[in-house]
Each structure stands twice: as C-alpha cells, then as structure tokens.
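Reader: I'd like a close look at one residue and its surroundings, if you're up for it. Pick a spot, tell me what it touches, and then follow the chain outward from there.

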Amino acid sequence: MTTKTDKKPISGNLAENERYFKENVGLNISFDLGIRKLYILDYQVNMYFLNGLCDTGYITEILKNVTSISDNEVDHTKFKEILENRIVNQSVQKIKTLDEVVDQVLSGLIVFLMEGSDFGYVVDVRSYPGRQPAEPDTEKIVRGARDGFVENIIVNTGLIRRRIRDERLRYEMMRIGERSKTDLCIAYIEDVADPGLVKTIKKELETIKIDGITMADKTIEEFLVRQGFNPYPLVRYTERPDVAANHLLEGHVILIVDTSPSVIITPTTLFHHVQHAEEYRQAPAVGTFLRWVRFLGIISSVFLLPLWFLFVLEPSLLPNEIAFIGPTDQKNIPIVVQIFLADFGLEFLRMAAIHTPTSLSTAMGLIAAALIGQIAIDVGLFVPEVILYVAVAGIGTFATPSYELSVANKMSRLILLVAVALFKLEGFVIGCTLFVLLLASIRSLNTPYLWPFLPFNAKALWQIIIRTSVPGAKLRPSIVHPQNVKKQSN
C-alpha cells in the first residue's frame, strides 16, 4: 500500500494543476470527473467536480453568480475576494494542496482554482444518492419515532442533533482508508463522556492502515476491539437515532460511518444487547414485563434444548410431576442428530427468508411448514418433541434484540448440546460453567462484559432487572465513567 508523505501545493499555473489531475486522478478518462473552465475579470478559473455526488441545481446557481462578476465588477485587484463573496453557499473554505483538492472533489465537493493563486475555494454541494429515513426493520416498535439511520453520514448526524441540541455535543470527523477515504464521525458529549475513552478510541482509529472499509462499521469494529474468534458482540449496533441519542446522554461514544445505516455504540456490556427501545416506550410496569419475557426467551434460546436433551438421556433427573417430558417412542435417528438437523433446518429457513424476494416469501413459508413440519414427523425423521423444543428455542433466538448476540447464543447452544451428548450431566454442568467464565473474561474497551453482575453493582443490576421510571433514574451508568454523574439537577 502506497502512502502520501509529501503533499503537492496548488500551483498558480492552472495548466500544471490540470496535468496533475490527468496523471493522478484520471481526468478525461473517468467519465464522471469533470472540469469547467471560466474566464472572469480576465482571469481563468477552473472548477473541478464529480458527477453523481454533486447537486447540479446548486452548481448552476453558483455559476450564475460567478459568471455575472464580469458584468458588474471592474476592480481586478480584488478578484479573489469578489469571487469568494459571489459563491453563494453556506460552506466555502480555502484549500492549499492538490492532495486535499482531490480528496474533496472525490467526496462530492467542487473546487475553484484561480489563475495566479496558490489556493482554491472548496464548496460543499454534495448530494449523495440514498433513501429517506424510515423505521428500521430490525428495531421496530409499537409506539414511537419512525425515523431511522440511512447511508448518508450528514443525515445521520442531523437525526441525532435534532434530539440533542446541546452545545457540548461534539462531532469529530476522520477519514479511514488509503483508497476509500471513508468519512467517520466520533460523536460524544464533551462534559459527560470519559476523556480517556474518547482518547483511546481516537488512538485506535488513527492506527487503522487499510486500503478501504467498504464494509463500513463492521470493519471499524474489527480494528477497534480485535474480537478474533469470540462470537459475542463487543460493540452494539443500532439503526435508531433515539437509541443512539440516549446512549450519548449516558456517556457513551458513538461512531458514525458513512455508507452505513447503523452506528456503533461503545463501550457496551452483555446487558446492552438484551434491551429494546419498546421497553422505554411503555409504562414502567409494562416495560418490565416485556423485559422479563424477553430475558426468558433469550435464556431459553441457550439452555432449553441442552436441558431437555439431558433429561432425555437421564430421565432419573426428572421429578415425578414432570416425568412425562421426553420422547415416548424411539426413532432410527438419534435424538441429538434430530436436534441438529432441525436446528440447522431452522437456520436454512432464516437464510432463505433473507435471500428470497418478498413476492416468493409466502410460498417459501408454506413449503417449509410442509417439509419440516408434519411430513417430517410422519416419515419418522423427527419425534414431535424435537420440533417443539427447537421451535421454542428458535423463537427465543428471534426475540433477542441483537442479531449478533442471537447468533452467538445459537453457537453456544450447539456446543452445550455436544457436551451433553458426550458427558451427560457432567457435560452440562461443566459446559454452563465454562460458558459463564467465557462471558466473565470478555472485556470491551476495558469494560467488563457481565457488568453489573460481575463485578457486582446492586443499583445498576436493579435497573437492568426492573425498567425504572425516567424521573427515578437520576444517575448515569458508572461503567462508562461519566464526568457528570447526575442526569438531572436537583
């Protein structure tokens, strides 16, 4: 990978600047890169632009004002100042190197270079193609805001700014990728977020050396937390501006990457991944009930199948009151194999649902219900209870708010099943113990993954178990080390 160490200054000779664009950027080769040559007050002015990322209407209005200079002005000595004043736009800045000119033009801005001048004017007329804010499919709620992040970083920062009009909200912009030069925004509230956390995140981001981050925030995550083969998510993603704004007010740092409709919340623990915005859009009692039901679904997605399979292998462990649990008839296929087949079949359905066009999804659902449902039982492939418990565990997986956490829990469930199949009760106990120890050993940006359970914090754990009312939640979570601990003044 080549790096640019010496930046080439803008030349007063416009032909030399144009030659640089032809040799290094592909001017006259790339159809979308263009140059517009103007003559104003006997000076030549070159405007560089990129089709597809610029708003043609804005450019037309700017050119109308610029070209009218020759009709209304006669003072040639103040040509540069007059040109700057006639560029009708809220964002006009001076630029002094051709490297910066290239970066800005390829980002969708236009640049005016003037004859005899060692600087140019960069004007923000970006108009990125994209969709309008809409409710994200993965974080739907019954009542609440219906806007969601899109692939445009400017729109995303605006959605958060609309909710937090605090003068201490900071948006620091960086560019990642030697070739992609992707915009990345670090968002935090200056007097709330931990300065050490902000400094650590900036330091990690500055060390990223890569051609491009076409996978946007996921690539950033892998550089930031270095997850390796640990399946459990170390950062939280959200596509909801209200969720991102709430975490900013708690003291978290948000990373917004251009071209991504989701943002990264740091630091996070396991319990950040099991909460949902719906809980905070209902009354505290209702929100608590929803949270408990969701917790039950998440726990069942991990432990229900291994526990049932253990009772199948060791019926003596069952109390007499529930001794009916377990298959009454035997099939040629071992139960553990049936469980894996059904579990993988459910995963096939999920993948197929993602890749199947909407117009065909209903037909696919009918076929799946027929093949994996009653017919599979009738031909002796599965016993009915296997289908039942796999379905319940699958529903618990779908009830998990975080998609990344749901997949990690499914992998843990399969490993526990293997442990039970090999070592029965001892395998279940040892597997569960190792599972908890794994979670307890994980740290995300020096944040314990099981906080506030380990290390134990009674008040914080109470707020996770119970959805407390907003007036009663006066303190920010201590795990993010906020500068201003209190949310509300007395």
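Author: Here's the overall picture first, then the one residue, then the elements around it and a few odd backbone spots.

A quick word on ground rules: this is a predicted model, so local features need a pLDDT of at least 70 and side-chain atom pairs count only at pLDDT 80 or more, while totals for chains, interfaces and linings use all residues. Residues are numbered from 1 along each chain as its sequence is written, and side-chain values use heavy atoms, leaving out hydrogens and water.

The protein has 16 helices and 12 strands (DSSP runs numbered from the N terminus: H or I of at least four residues for helices, E of at least two for strands). It isn't the ball you might picture: the radius of gyration is 29 Å, where a compact globule of 490 residues would be near 23 Å (taken over C-alpha atoms, with the globule rule being 2.2 Å times the number of residues to the power 0.38). Along the principal axes, the C-alpha atoms fill a box of roughly 100 × 60 × 40 Å. Of the 490 residues, 48% count as buried (under 20% relative accessible area; exposed is over 50%, partly exposed in between, with a 1.4 Å probe and protein chains only). Among contacts (heavy atoms within 4.5 Å) with a separation of 6 or more, residues 24 or more positions apart make up 65%.

Now for the residue: L255. You'll find L255 in strand β9, residues 253-257. Is L255 buried or exposed? L255 counts as buried because its relative accessible area is 0%. Leaving out residues up to four places away in sequence, L255 touches L184, C185, I186, I201, L205, I220, L224, V263 and I264. There's a relation with I265 too: 10 residues along the sequence, but 6.7 Å in space, C-alpha to C-alpha.

Take those contacts by element. L184, one of the residues L255 touches, is the bridge partner of M174 in the pairing with β7. Strands β6 (residues 169-176) and β7 (residues 182-189) run antiparallel and are joined by eight bridges (strands pair if DSSP finds at least two bridges between them). The β6 and β7 hairpin has five residues between the strands, and G177 there takes a positive phi near 105°.

On another side of the contact list are I220 and L224. Both belong to the buried set of α8, which also includes D217, T219, E221 and V225. An α-helix has 3.6 residues a turn, so residues three or four places apart point the same way. The backbone does something unusual at each end of this helix. In the loop between α7 (195-206) and α8 (217-225) sits A216, with a positive phi of about 55° despite not being a glycine. A216 is buried because its relative accessible area is 5%. Just after α8, R226 has a positive phi of about 50°.

Then there's V263 and I264, also touched by L255. Follow β10 (263-266) onward and you enter the loop to α10 (284-313), where P267 lies. T266 and P267 are joined by a cis peptide bond, with omega about -15°. A second cis bond runs from L454 to P455, omega near -5°; P455 lies in the loop between β12 (447-448) and α16 (458-465).

For a contrast with A216, look at D42, in the loop between β1 (33-40) and β2 (43-50). D42 also has a positive phi, near 70°, without being a glycine. This one counts as exposed because its relative accessible area is 68%.

One more strand is worth a visit: β5, residues 120-123. Both of its faces are covered, with G120 and V122 buried on one side and Y121 and V123 on the other. Strand β3 (residues 92-95) pairs with β5 in the antiparallel sense over four bridges, with I95 partnering G120. Strand β4 (residues 110-114) pairs with β5 antiparallel over four bridges as well, and there I110 stands opposite V123. β4 and β5 form a hairpin with five residues between them, and G116 in the turn has a positive phi of about 75°.
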